Amino acid sequence: MKKDKSRRSLLKNISLASFAALAATGCNMKELEEFFQRNFRTLSDKEKDDIINNLEQKYKEKYDKEFQVSAQAAMDQVEFAYALDLSRCVGCRKCVYACVGENNQSRSPQIHWIQVLQMEKEKGIDFAHSDVHYNPEKVPEKGHFYLPVACQQCQNPQCTTVCPVKATWQEPDGIVVVDYNWCIGCRYCMAACPYGARHFNWGEPEIPAEELNTDMHYLGNRPRMKGVVEKCTFCIQRVRKGKYPSCVEVCPVGARKFGNLLDPESEIRYILENKRVLVLKEELNTQPRFYYFFGV
Amino acid sequence: MIRNHFVLKDDFQLIKTMNMKLINIQTRKFRLLFLGFIITLLYSCSTNEANSGNNESGIQNSGENSLKNSTSGTEIAVEAPPLTDGIFPCNDCHSEIEPNPERRELVDMHDDITAMFNHDSENRWCLDCHDINNRDSLRLASGKLLDFKESYKLCGQCHGEKLRDWKVGVHGKRTGEWNGKKEYLLCVHCHNPHAPKFEGITPEPPPVMQENISYMNRKNDEQ
């Protein structure tokens, strides 16, 4: 009996303490609401609208700018795929920084969704001996080729299956997305991804307000918080409006190709049918939608 | 589901008012009441979750924008890049000069082009591409005159494979919309026709070495 009583009082005290803490932090209604917000996939359209209005308001207060946050759903009959011409890429890293700007990646601590690996032609694709920190006067360097790696948008993704809270999933158009509000930061997905394509916000992300891209998607480039995982979304805020991803448009050698796998007239289909194509770590059966090819 | 949402909101209201009273509460009675609220709160949360689980159709995004004319994306060729200042129209000078079809190295005029010329220079020279009688035109091997805006046809005479890939958007760069209006770049936007091989470019800075990344946020440290 005595034991029971002490447990009850313990529980009571804990609950009291937590409420006191809640009161002490000055949590307002919106923050509470955000805290109790459910998984994005279970929200009704109205709830999504409310959340997005709140977000736009919040960002406006924080950054003193107008933001458009979209929750646009996937288009019918669209499955995105990407192709990269290994015989063209010169390793200039323009895509890396275009991506950082477009997708509001943290400048400090630094996060890059795209990693350009420099490899020796003699060794072929050899991740163990590749170099991401190369910095010569001019690229391409003799005897080397360049292999940019970002999320491979796998058809059989491992990262989504290991998520204990289903905060990451594959959209009908093939894009693997993260609900940053639902992510608990356990980083299982990072361990599961064989491509190192997921990145963790170890610190509060810092982005200069004037460099923020105000055209946002809820599942894409809206500012992340400390303690959540982020990744390439094929520029979901652009491609669902029909635009090419940012890295495609910036590439100075036209090595990057993007399109709809289900459209037989698309560039992607032409490449798959006519070029020598490879995917990374094929043996893992992740079935990437990111194809590397040789244009010559 | 919506109803539950409102229930949840009511709970929030209650919590808020209770928070304000919290300091005054000392009696056992109120403590018990609090426990009751937590339980109702948790319960309503869990029912919300349970209800939402049934809403499987909500998970599938019902896309409104169907891709209607996926294949008929219209492509727009952009303007040819501007020619070097002051040399076009070529006929301003060339109409007064007697054409000399003899292959030779130019020394007085266009020596800048001669200096950089690197496009099968052993076998080719100006009049293989420029028309001898009308310098404002290019000339195909067939003798057909060609506007500078259609220079890709001239390139394609030798580089047929590249032309084929370029037409389907695989060689070279396209910008615009993946399912709609696209903009081509012409061969000469990227390749100098007199020296088409790409020059090396300066790379953007490499990523910070892992050991140098400061994960500790300054603001948080201060707190």
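Begin by selecting D85(A) and F293(A), which stand opposite each other, F293(A) lying in strand β12(A); strands here are DSSP runs of E of at least two residues, helices are runs of H or I of at least four, and both are numbered from the N terminus. The model is a predicted one, in which local features need pLDDT of at least 70 and side-chain atom pairs count only at pLDDT 80 or more, whereas totals for chains, interfaces and linings use all residues. Residues are numbered from 1 along each chain as its sequence is written, while chains are lettered from A and ligands numbered from 1 in the order in which they are written.

Next, select the whole of β2(A), residues 80-85, which pairs with β12(A) in the parallel sense over four bridges; two strands count as paired if DSSP finds at least two bridges between them. With β10(A), β2(A) pairs in the antiparallel sense over five bridges, and there you can find Y82(A) opposite F258(A) and A83(A) opposite K257(A).

Now colour β2(A) by burial: six of its six residues are buried, that is, 20 or more other C-beta atoms, placed from the backbone, lie within 10 Å of their own (exposed means 12 or fewer, partly exposed in between). One side carries F80(A), Y82(A) and L84(A), and the other A81(A), A83(A) and D85(A).

Widen the selection to the open sheet of four strands, ordered β10-β2-β12-β11 in chain A with mixed pairing. Its edge strands, each pairing on one side only, are β10 (256-260) and β11 (276-278) of chain A.
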